[in-house]
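Work through the exercises below with the model open. Try each task before reading its solution.

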Amino acid sequence: MTRYTAPTQDIQYLLHDVLDVANDPTPGYAELEPDFTSAVLEEAGKIAGEVLHPLNAVGDQEGCVLENGVVRPPKGFKEAFDQVREGGWTALDLPEQYGGQNMPYLLGTAVGEMFSGANQAFTMYQGLTHGAASAILVHGTDQQKDTYLPKMFSCDWTGTMNLTEPHCGTDLGLMRSKAVPQDDGSYAISGQKIFISAGEHDMAENIIHLVLAKIPGGPEGIKGVSLFIVPKFLVKEDGSLGERNGVKCSKIEEKMGIHGNSTCVMDYDGAKGWLLGEEHKGMRAMFTMMNEARIGVGMQGLAQAEVAYQNALDYARDRLQGRSVTGVENPDGPADPLIVHPDIRRNLLDQKSFIEGARAFLLWGAQMIDRAERGKDEAAHGMVSLLTPVIKGFLTDEGYDMTVQAQQVYGGHGYIEETGMSQFTRDARIAMIYEGANGVQALDLVGRKLAQDGGKHVMAFFDLVKGFIKEAGTDGAMAEFTEPLKSASKDLQSAGMFFMQNGMKNPNAALAGSYDFMHLFGHVCLGLMWGRMAEASLKALAEGRGDANFHETKLATARFYMTRRLPATKLHLARIESGADPVMALDADRF
């Protein structure tokens, strides 16, 4: 019913023309030659389009079923999971020591977008496992790594993250789950966790839960939270599976979207668990997983926008409705295709310019993660820490909006389940909520990240934009791209200055504008990306290199973003500078 084609040409362009991976000294990038990345992306694209996407509607319609404590995923998921696992796709960017392929995170992110765009609910099973394995890799003991990572890398065992409880979500200091020390060095874990993605299923031999809980007698609030490894089946010393642990799924949540993923209520009844990292330092360990997950969730916003756009574009080209106001364009038919109408083109270009800018932003962020982790680049680490809430919050907000715009192209048919368009909107909606709701991302950005390390990372971002504008400004053809970016960057700096001048004496003045600031920042980031893409495409055209039509299309899309989308920074700045009074004027009982 719907289709998905992996955007391999665009990813190749970003890797080699824009991000210039061949000349990046980051360890592991030397192997990212165009032929190599093309081969990986083409193969991943085939799996995405031919194996995963045909199951997307199946997962949405069938959902998961809980039977006698076991969750059965939708028809075809297990076979597809075996195929993905056998192809080595689950550990593409993880260390060889435990069975990974040790490719850069950048390439893993590109493949992840394809898989998520093809079938988000399915891809979450291995995505969560990747995050849990990363937490164990960073914080686990050698014994824990040897015990769990080889099987998790291969997804013979999958992983989860267990944070939320019925009475606490964002405020994890309120959690009640307990971890009582045992004589053998383990802990007895008791409590209930909700909204646990991939919490129970039969596609893997074991499920390794990472569970936040409090050790009795520890500090109050968030400072008393620890992280534990709690396997579904206990693991014997020889690595074989032993008895079932005291953890079970008591319910599958009925939810708006991602029906193919088992979102579970998990009950822990004295389950055996082992401390991961230090006592009372659970959030430090969990944030290894959370930060990776937030980048991944930003990717999901982009991915759902991409697949929705592809189908909306097909419909706009095929659906005959009305006549062009400037003259008949389909004289042999009873009407012209939708795509001739200016407002449909505006709609599609809103989507296209967001998607391609967002993809560049996401992959640039992934490149910085590689520089930070592989190249031990502290500046890159600081920059990606600053931008993580923007990647997560802005890309998921805008990604969701773009799936709605794609529905709108279909008119009433977009609202009918038969076309499949509503699934993209419903699946995209969760990305604005989980791994830290977007309002929390905005608060994190303004309340923590701007001032981090004395504000040097946001200043480094301003210097980066300024440096690009100055260098690109030597080419007169770039002026139409650099001037709007310069204006938008000044808006961002003005917003930051407003927070500095007003935030200390009235914190609400900063927090009331935090959401607008996150979006303002996101638009500047996409403006920077479109500037870099314009520069790359102008260079390619001047050198007679590549597909001229592709590069000319890039330039036209860049012009659209700069003239139609980037001016949104002025709206966001006006809202920010209105301060807290309009937001805080009403007493709670007057709402």
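**Exercise 1.** Classify cysteine 264 as buried or exposed.

Solution. This is a predicted model. The relative accessibility of cysteine 264 is 0%. Buried means under 20%. Therefore cysteine 264 counts as buried.

**Exercise 2.** Find the cysteine sulfur closest to that of cysteine 264, and decide on a bond.

Solution. The closest sulfur belongs to cysteine 249. The gap is 3.6 Å. A disulfide needs sulfur atoms within 2.5 Å. The pair is therefore too far apart for a bond. Across the structure, the disulfide count is zero. Now take cysteine 525: its relative accessible area is 0%, so this residue is buried.

**Exercise 3.** Locate the residue that UniProt annotates as "active site", and describe its surroundings.

Solution. The UniProt record places this annotation on Glu435. Glutamate 435 sits in the loop that links α11 (421-429) to α12 (438-449). Its relative accessibility is 15%, so glutamate 435 is buried. Beyond four places in sequence, its contacts are Met161, Met290, Ala293, Arg294, Val297, Lys392 and Gln441.

**Exercise 4.** Where does the largest nonpolar core lie with respect to domain 1 and domain 2?

Solution. Start with the members. The core has 178 residues. Phe115, Phe361, Leu387, Phe461, Phe517 and Phe521 touch the most other members. Helix α8 (residues 282-318) gives the most, with 17 residues. Domain 1 (285-445) and domain 2 (451-584) both contribute, so the core lies between them. Finish with phenylalanine 517: outside four places in sequence, it touches Leu445, Val446, Leu450, Leu492, Ala495, Gly496, Phe499 and Ile576.

Notes: Residues numbered from 1 in each chain as written. Predicted model: local features only at pLDDT ≥ 70, side-chain atom pairs only at ≥ 80, totals over all residues. Heavy atoms only, no water. Core = buried A, V, L, I, M, F, W, Y, C linked by side-chain atoms within 4.5 Å. Buried < 20%, exposed > 50% of the residue type's maximum accessible area, 1.4 Å probe, protein only. Helix = DSSP H or I, 4+ residues; strand = E, 2+ residues; numbered from the N terminus. Domains from an automatic or database assignment. Contact = heavy atoms within 4.5 Å. UniProt positions renumbered as here; feature names shortened; annotations may be inferred.
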